[in-house]
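Grab a pencil and work through these exercises with the model open beside you. Try each task before you read its solution.

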Protein chains: 4
Amino acid sequence: MSMNMRIGVIMNGVTGRMGTHQHLLRSIVEIIKQGGVKISADRFIIPDPILVGRDSGKLQALCQRSGVPKYSTDLETVLADEQYSIYFDASMTGVRAQNVKKAIAAGKHIYCEKPTATNTAEAIELYRLAENAGLKHGVVQDKLWLPGLIKLRRLIEYDFLGRIFSIKGDFGYWVFEGFTVPPQRPSWNYRKQDDGGIIVDMLCHWRYILDHLFAKVVAVSCLGATHIPRRMDESGRVFDCTADDTAYVTFELQGGIIAHFNCSWATRVRRDDLLTIQVDGEKGSAVAGLHKCWTQHYGNTPRPVWNPDIEQPINYFADWIEVPDQEFYDNAFKAQWELYLRHVALEESFPWNLLEGAKGVQLAEKGLESWRKRAWVAVDEIDV
Amino acid sequence: MSMNMRIGVIMNGVTGRMGTHQHLLRSIVEIIKQGGVKISADRFIIPDPILVGRDSGKLQALCQRSGVPKYSTDLETVLADEQYSIYFDASMTGVRAQNVKKAIAAGKHIYCEKPTATNTAEAIELYRLAENAGLKHGVVQDKLWLPGLIKLRRLIEYDFLGRIFSIKGDFGYWVFEGFTVPPQRPSWNYRKQDDGGIIVDMLCHWRYILDHLFAKVVAVSCLGATHIPRRMDESGRVFDCTADDTAYVTFELQGGIIAHFNCSWATRVRRDDLLTIQVDGEKGSAVAGLHKCWTQHYGNTPRPVWNPDIEQPINYFADWIEVPDQEFYDNAFKAQWELYLRHVALEESFPWNLLEGAKGVQLAEKGLESWRKRAWVAVDEIDV
Amino acid sequence: MSMNMRIGVIMNGVTGRMGTHQHLLRSIVEIIKQGGVKISADRFIIPDPILVGRDSGKLQALCQRSGVPKYSTDLETVLADEQYSIYFDASMTGVRAQNVKKAIAAGKHIYCEKPTATNTAEAIELYRLAENAGLKHGVVQDKLWLPGLIKLRRLIEYDFLGRIFSIKGDFGYWVFEGFTVPPQRPSWNYRKQDDGGIIVDMLCHWRYILDHLFAKVVAVSCLGATHIPRRMDESGRVFDCTADDTAYVTFELQGGIIAHFNCSWATRVRRDDLLTIQVDGEKGSAVAGLHKCWTQHYGNTPRPVWNPDIEQPINYFADWIEVPDQEFYDNAFKAQWELYLRHVALEESFPWNLLEGAKGVQLAEKGLESWRKRAWVAVDEIDV
Amino acid sequence: MSMNMRIGVIMNGVTGRMGTHQHLLRSIVEIIKQGGVKISADRFIIPDPILVGRDSGKLQALCQRSGVPKYSTDLETVLADEQYSIYFDASMTGVRAQNVKKAIAAGKHIYCEKPTATNTAEAIELYRLAENAGLKHGVVQDKLWLPGLIKLRRLIEYDFLGRIFSIKGDFGYWVFEGFTVPPQRPSWNYRKQDDGGIIVDMLCHWRYILDHLFAKVVAVSCLGATHIPRRMDESGRVFDCTADDTAYVTFELQGGIIAHFNCSWATRVRRDDLLTIQVDGEKGSAVAGLHKCWTQHYGNTPRPVWNPDIEQPINYFADWIEVPDQEFYDNAFKAQWELYLRHVALEESFPWNLLEGAKGVQLAEKGLESWRKRAWVAVDEIDV
């Protein structure tokens, strides 16, 4: 007599750190625990996951830890099973596209991690295949649901900022090299041959943040650098860093908005958070971190006068005010999962699809091209 | 029987704000008050100024205010007077080069404000003329004597930072447009036709800061923008802004150091000072403002872990410590004046000469060229 | 099919406070709980302890408390049992050497508390016996793994301090005499006839800290004192204190480094911790406590001027900054136990052996000799 | 009809920094300004100074600055003038003894800076000469009148501390070498050939502080060191440091009190003041700085337990309480001057005489002897 909707979800590649914590434990398991995604007073969408991977020992352990009863090491068989309508992919970047293609061929709706493919052409192909098959599809764009960025979005919706013309992004922190203090990121991030590099990692994120919060990206100027030439790997061996650990990037957006970003794993942080985005507009400015957001309206803007003879009389943090928690902020991954499940179950719109995923791949590609050419590169609209 | 050295100084164009306050009142007048520049237990260099300009009323008023007894509206006559051996120029940019040439022709040692000319060729010509005439010459590069930058220089001398690889500069503040709150800068800054624009204004400064503190600038990528299209001038008339009010610039320095700067008169400030320069090195980082400077050594570098699920547990300002005042910091302009007077009187070295001034003009020119070409532009060594 | 390595460990004398808490509960039991010492993705060293002592009631209680199933009051039988390859000794100082000799004779690897013997000759003999028998051996030098001292070691590895020339150690606190407030240390500490005295207790520690963090100790000047002449013992009887409760010690290290220590159970503490070690170097200084560590670099060194006429204008705590937790700090005893087990199982190096233990005994002996002779005494290299 | 007593004071060598500021401006001039030293409701002792030196220009300038009308470059004539009954000496250490002898021969009462001579024999001779001539004599021992030490003396007088057994002194700060930051002390301090060295400078002070506040010094163990081998002098030349810049000293006092001091111009300060003296007694402890003083009574003594497993739960600064200003603290030099003038005028006792001065010289000599012999050296009672 239940009115609940049960949706089978194949979760491939969730034994990795991100897959386990964010997608399985903090999203799907939490949604199950709360009784599903509520769609009316007495109806819920309830995900029914099966974990898929290659190592049955790890899968078994993860089933125990998460309370999910089902797992399989045989992707083909599971894809052929009609009780599962969604295929989720958090596997290694290098094998993602082929897995997604199999799932499309099997008629599954698609949800997957970024980058969706290792090049733009293949990323677009995934979009076309899914569209032609009439399937629903989505790509993880979690940072849009960070509390700091939700607060920023609300400010833009209120028109707090007026006409926006400038965005300044600072991202990064110090990743220890490992010669004394042990490093806090995996070593493959610093090797090109293992798909490492901060441009590939971060430009996907900046694409959807810029496109969705401000305006379409139309051009990019990017300079990469490998500031730390040698690091120590997980087994204590010194290796040469072949991938960029720092990127200095400028984006042009529609309407003449400029976004100026630096991203680095070789910088020390003197600012509000690991990621801060300052937005300057005619009526006001905002600075968003991961969780918090500060504003300065025209009416609170101080009037500095350049006088190097005296100590700075103005405290430039004092005229900003923090945005309070005006709503509940769920885990960013879970928030997007709930929207995706509604999209599949209820036909609600879900703009963060494989085309958007392809745009992220495109921007990373264009960034690398700009670095190589030492010039601005246009970011053309993808012709679908 | 006095052992003091008296040097006549022609001060042209000091009725303007900068000339009056920094060069006359806080430099020359203060040096006279303190008994001159001390060069040994009982010897002093004492400047003997004459104010030169076009408006005798203003000059007379300034003489009264400063206690300087002499002024003239006739530059030629004063240049012909042998009791004056130094010509100082703080006149309008457009007429500076021709005035300096006259002074060189008259055999005066040269000291002048920046930019030394409106184009690189002319700026280099000034250098060559002064050199060929065997005269001493200098250009104001005051920011090198800001306490914050002196502290930064000391840190580099101590090798606090280790190998430096990245410099991030944030400069700017909100200059009111004038529609409600009156503006705090003159309107010509926002008109190209009046030699306005932030690129021309600020790249001269970045050149000597980068060249003298870190390493030679070898390439530039620059994007200008006019984010505020209309402002109100001193007489209350609305005008179209034709000059850039914001610049997004990346510099390449010798040794692969990257300097990433943004400069804007249309931004709100959430940082330690109107100008902050963060320097990242292998062993430590520093952030310098105009007066203060903060450090974070490798040994004090926190270990952030990316966990968007919890509020940021680290206060990213807490692991920095302010550099104390380890020495006396004089007014930046006065400090350079004293060194210039010693250079003239005692043959002490003075590296901030007309060639350095020409390099500042060159960098501004190359920045504008990069903006036009939408590409990186090499900053060639000036062939002298 | 298990790849794990199981090592039998005889734990003698762990019914005492230190043995129970640090060696059994916080080290061996914790290592077992965590699944052993991880040596690769799927291999672990798992200690298999048996508790040995004289009081079966206490042993039984400790087995229950710790979850260790085995105990014995018959050391000889256990030593003859081949399933145990390690002998650990935390018994009374007076009987340690003879127990260790029996264990060496039985072919066990040795790990023991300090002091390893009551005189240097015997401590050296233990080293020779173990070496000649081809056995592995180690001595507890736990303070090297205190977080504060690990942080200090990292600073030295980074070369934060530059050339080090001076070390100032303050150790101690007020141990109540017992006439009103009950004392917080056992009374034998204050009786020479029971091997008490702060010189014998602490100079062992200073030896390995100085030798391993800075440079070899080459000479010592030591003055002991019994500042509190009478105390009350555990049964409420007043007794005469015959052992030193305070030591004023200066050490000379290789390279001309001076270490100036005071240690007292009759002092009140106005400093950061019960033990603080200040290290002064050309480039910076550090003050380490047990857990925390503070730094002051050359660039943050204030410029005091002696002016007794005004209140001190500088806060001399303000220009120091605390070192953040850059890595995980395990219990100091457990950390050394894990390294010792790896040493036995994997042949990894372990420099904290019976020779190092003998050096600690030697320094205490030389300190007492210096006190008696009222002169500096050389600390000769031990001839092995 | 005035009842005031006017006393002529010859002030020799007050053109130096200490003489000018402390003895002339802040002592004698202030005493004159306040109407003299009040000895009853309507009687005052009024000093009548004459400045003596070699450089008439400097003397003239100092007369103008201080308002003292008289000066002379002819010491002999002034000594022969009967209107002056006191001879004060703040001249260079090397010439002090011979000047004082002349003054004694001329029948003047003596007051002088420390050290009174360059060796003990001569210092004692001065004492004997003055005594035999029936003259009054005194030596500057200003630190006894520092507010922090007055507060400490009051605590001892109240018997706050009970039986005192231990004194720990920390003195010093970082004196910049001059290679980057300019130094804040004169360079002769670091050259033996110019009577530099911290042992000679500071042991004179420790002698009168220990003798007068606690008990007679009976033995000394002293180790000097030159931790900074090269510095830059006033004219920018690098020189080799030949004098000790650091001293590690232990004193034995009557009654078994131990005083453990370190003094350094090459240390960074993490404590309450540039000089701190901790005194431990049976009933309580005190820590005195230059101006402030903190106490911890038995009843406020915390009970630390050694537990390295947890972060230090006790804040070891929290259980100390600052001594309030219970009386007025005048400038330390002026306070002693007033007592000396009363001694001369009113026959009041004045224990800080040339014999005490000789004891200071003696202790510095014995400290150097201990360093040379690497042993404790007895500080014999001076046989007068």
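**Exercise 1. Work out how chain B is related to chain D.**

Step 1: Lay chain B on chain D, which works with an RMSD of 0.2 Å. The fit is by least squares on the C-alpha atoms of residues with pLDDT of at least 70 in both copies.

Step 2: Read off the move: a turn of 93° and a shift of 1.1 Å along the axis. The two copies are thus related as by a four-fold rotation axis.

Step 3: Find the residue of chain B that comes closest to this axis; that's B:Pro313, with its C-alpha at 15 Å.

A word on the ground rules: this is a predicted model, where local features need pLDDT of at least 70 and side-chain atom pairs count only at pLDDT 80 or more, while totals for chains, interfaces and linings use all residues. Residues are numbered from 1 along each chain as its sequence is written, chains are lettered from A and ligands numbered from 1 in the order in which they are written, and side-chain values use heavy atoms, leaving out hydrogens and water.

**Exercise 2. Describe where chain B meets chain D.**

Step 1: Count contacts (heavy atoms within 4.5 Å). Five residues of chain B touch four residues of chain D.

Step 2: Get the buried area, meaning the accessible area (1.4 Å probe) that two parts lose on being put together, summed over both. Here you get about 380 Å², with 66% from carbon and sulfur atoms.

Step 3: Sort chain B's side by class: one nonpolar, one polar and three charged residues.

Step 4: Look for salt bridges (a side-chain nitrogen of Lys or Arg within 4 Å of a carboxyl oxygen of Asp or Glu). Between chain B and chain D the count is zero.

**Exercise 3. Now do the domains of chain A.**

Step 1: Split the chain using the bounds from an automatic or database domain assignment. Domain 1 is 5-143 + 333-350, and domain 2 is 145-331 + 362-377.

Step 2: Check the spacing: the domain centres, taken over C-alpha atoms, are 29 Å apart. The contact uses 17 residues from domain 1 and 13 residues from domain 2.

Step 3: Find the area: the two domains of chain A bury about 1500 Å² between them, 56% of it on carbon and sulfur atoms. On the domain 1 side, A:Lys114, A:Gln141 and A:Lys143 lose the most, together 45% of what that side buries.

Step 4: Count the salt bridges between these domains, and you get two.

Methods: Nonpolar A, V, L, I, M, F, W, Y, C, P; charged D, E, K, R; others polar.
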